[in-house]
2 protein chains.
Amino acid sequence: MKFIPIQCFTAILLISLTYSRRIGIKDQVILSGYDYRTDFFVQPVDHFGFSNPDTYKQRYLIAEQFWNKDGGPIFFYTGNEGDIAWFCNNTGFMWDIAAEFKALLVFAEHRYYGESIPYGPEAYKSPTKMNYLTSEQALADFAVLISHLKATLPGATNSSVVAFGGSYGGMLSAWMRIRYPNVIVGALAGSAPIWQFPSLTPCEAFNKVLTNAFNQASPTCVDNIRKSWAAITERGSTDAGRDFLTKTFRLCGPLTSTTDVTLFKAWLVEAWTDLAMVNYPYPANFLENLPGWPVKKVCDKLSIPTEGDQLLEFLFEAANIYFNYTGNTPCLNTSQQATASLGDLGWDYQSCTEMVMPMCTNGQMDMFEPSPWNFTDFSEQCYKRWKTRPRPDWISTQYWGKQIQSVTNIIFSNGLLDPWSSGGVLESPGASLVPIIIKDGAHHLDLRASNPLDPPTVVAARTQEKNIIKMWLGQQQ
Amino acid sequence: MKFIPIQCFTAILLISLTYSRRIGIKDQVILSGYDYRTDFFVQPVDHFGFSNPDTYKQRYLIAEQFWNKDGGPIFFYTGNEGDIAWFCNNTGFMWDIAAEFKALLVFAEHRYYGESIPYGPEAYKSPTKMNYLTSEQALADFAVLISHLKATLPGATNSSVVAFGGSYGGMLSAWMRIRYPNVIVGALAGSAPIWQFPSLTPCEAFNKVLTNAFNQASPTCVDNIRKSWAAITERGSTDAGRDFLTKTFRLCGPLTSTTDVTLFKAWLVEAWTDLAMVNYPYPANFLENLPGWPVKKVCDKLSIPTEGDQLLEFLFEAANIYFNYTGNTPCLNTSQQATASLGDLGWDYQSCTEMVMPMCTNGQMDMFEPSPWNFTDFSEQCYKRWKTRPRPDWISTQYWGKQIQSVTNIIFSNGLLDPWSSGGVLESPGASLVPIIIKDGAHHLDLRASNPLDPPTVVAARTQEKNIIKMWLGQQQ
């Protein structure tokens, strides 16, 4: 999911930033290495009411070439907050194991993202039309789509369905098993922070794990980043200093005010955060084009104790690895989002309704400026943008919070390098809820395609996942 | 729940009847023998969307006099389709056991019924305003209300909550445990036909059980009722015959057309159906003032093989027991519903959206005129009345159909005299899902107050229910 960087500044500024940066959204061409066909299914816009007769077309991708139509299972990806083709192409694990399981692959797009937008993109201008963007509606879409596929695909009637998902998609996979165990036999929930909600996880946990991931690369790097905020603030307080920052960081547009400097700091926070999420052992292009172990590469630039302008110059070199690893970027754009495949506007709406994930920093356990969690401010900003008020306790009520011991057949995989593991299920709350810890893993590394550079911990995790899925399917046969 | 008598006629006619009869709804004074206070809780009108900021006041009744505030449980009645005070006063079992359990009693009203109507009674004129009348919204109300009570009632924080409900309220209790096991530890679902839905139960089952209940009283009674429809039709085909029927049955308004005769037959079908539901062993006033074992009393009037006009005269005497047991009714009103405490208009809406319960008759396994189930006609009629189309498969998707083996801590009690037992859970689908069969029980007899005339089977059922609830509470302590 899109990280909303609350921690360095007040929620008010940051949310404004997140919002204003949406201007930069552009279509991104998705090159697929996988062979699937695209189809659409007509869904009711409102599963939970009957007065609105509107429908929309939900996109899904389907690959039948591995499938044994006489009882082979269906592997069903519960789409995240973005273009489903992007997730399809970044979930190589499903493709890697499809032949062994003789599985049908289906990747279902989440409503209000990609090409599956009720009322079209104009919907984003109308709170009334956004009303149907909720996780419950998305899960109902998945349940109804699966029922449709099983009823209409020859051979599918008796196929067991296993849900797969990473990040928010992993939360949806887990919730799918909680809400619709009649529809799926089990779920692989990769890096799914289902407990990153009020009262379930301390607000400082995320940034503590994030900082730890940098600390593993270099404790000096963490010290330097922690010191950098004051250095930026000091330089950013004068015209000459802002000019220095603009030039040092090769920014496309000049920093002309302290507000610009605040946004600049948020942009850096997001970069460090995203880096921790995509800290994969090999070059990849999930959020940006990056080298293998990018946190190490970035921290190599910050591994000498330093301060003042030299610290800022080193900081640029570090940031440049994230924003311009290819070297093709003429200048760095603080209003450009990492990838256009994520629907940040939609996720902002979800954050302002159901997905209230408190985050905070204290500058001691983490490498950021202290920033408390302030729900009131958050709610006010949400109201300004969407005319909605978030309901902070709703998700825990809907999806049972920590009381999930009666649920069965969910794998919760988490990489310890991934800051989102802070809200994940790391210890089993029930007999057949299996946590899998991947010591060297970043954000849902296990769901990515096999790679020669994969550390043994993720190879072992994938083997364990396959064995458990086989057990689920055996139970059903 | 309100029985919608499909079986004797076409769905079109019957639904029109059910609808037109709503004109007769009047307030009914409810005399309480129990000591509770009434309170209201502000709920969002829409739990599943965020663009509608409207709220409504949900009524609940609360009795604290038995409660041990240091850990005593909360017994929570999940209100049905009607005035909650009526259900409160007809659920004596909760009152009978409250002291032993040192329990807090709460009876929560279902939205759109009684005094808990979003937008007020005018809502019933607007499909848009009726949009929020669904079982999911009602369950969310209950979950949110329970969280509120636990957070605000001193001593309630650690109290375990057990749900109770009968009929549709029993379905809600069971679904509450399916959907919110984080909120309640268990549910006593009395006479809850959670499987009276498409593909789960044959449409003829309900009327087969109903007929069996009459057959136990007198096989000749069943034969006579089965023959009566043709006799009514024959007499009803002429002006003189309709006049005879009007006089014989002491009708308040004359039958002047064959349509009137059709409605008259539907009115009788509903009487026989309701009689089977309230076939209690002692005098009671649940739907009408009735003697003990009223089916037996009614069948006593039809226990001699007969036909023609004599059959119709006997039929009147039988019906008169149901409609005029007190002898105070000057004439019988075919457009008067049995009780004003049931919100039939709301239930009709629910039938036309989620609660699609197919029923049919064949005149052989049952004592009614043959009538197939016709979903297309049903849907058309719903659209005419409510501008909604029912979704026949939705309930099975939402509440897992027969795939409830992973759920725990639900008692499904059913009386075999109750026609609704046809859609109930009579065999255990899972280790801690306990069916309790009450051979001599009608509709949720076990939930009624203890009575000296109770048969041993219901006394035993209540003992078993208490023991199981104790086990649930022990598990939690």
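## Buried area

Buried area is the accessible area (1.4 Å probe) that two parts lose on being put together, summed over both. In this predicted model, chain B and chain A bury about 3000 Å² between them. Carbon and sulfur atoms give 57% of that area.

Three residues stand out on the chain B side. F48(B), F50(B) and R391(B) supply 27% of the area that chain B buries against chain A. No other three residues supply more.

## Who touches whom

The contact draws 36 residues from chain B and 36 residues from chain A. Polar contacts link 20 residue pairs between chain B and chain A, counting pairs with both residues at pLDDT 80 or more. Salt bridges are absent: the rule finds zero across this interface.

## The chain B side

Four elements of chain B each give two or more residues to the side that touches chain A. They are α4 (127-130), α5 (135-152), α6 (168-179) and α15 (394-398). The largest share, five residues, comes from α5(B).

By residue class, this side of chain B holds 13 nonpolar, 16 polar and seven charged residues.

## Confidence

The predictor gives the complex an ipTM of 0.90 and a pTM of 0.92. Chain A averages a pLDDT of 91, and 91% of its residues score at least 70.

One stretch of chain A scores low. Over residues 4-31 of chain A, pLDDT stays under 50. The model still has 77 contacts beyond four places in sequence for this stretch. Where pLDDT is low, predicted coordinates should not be read in detail.

How values were computed. Residues are numbered from 1 along each chain as its sequence is written. Chains are lettered from A and ligands numbered from 1 in the order in which they are written. This is a predicted model: local features need pLDDT of at least 70, side-chain atom pairs count only at pLDDT 80 or more; totals for chains, interfaces and linings use all residues. Side-chain values use heavy atoms; hydrogens and water are left out. Contact means heavy atoms within 4.5 Å. A salt bridge is a side-chain nitrogen of Lys or Arg within 4 Å of a carboxyl oxygen of Asp or Glu. A polar contact is a pair of N or O atoms within 3.5 Å; within protein, one must be able to donate a hydrogen and the other to accept it, and residues adjacent in sequence count only if both atoms are side-chain atoms. Ala, Val, Leu, Ile, Met, Phe, Trp, Tyr, Cys and Pro count as nonpolar, Asp, Glu, Lys and Arg as charged, and the others, Gly among them, as polar. pLDDT is the predictor's confidence in each residue, from 0 to 100.
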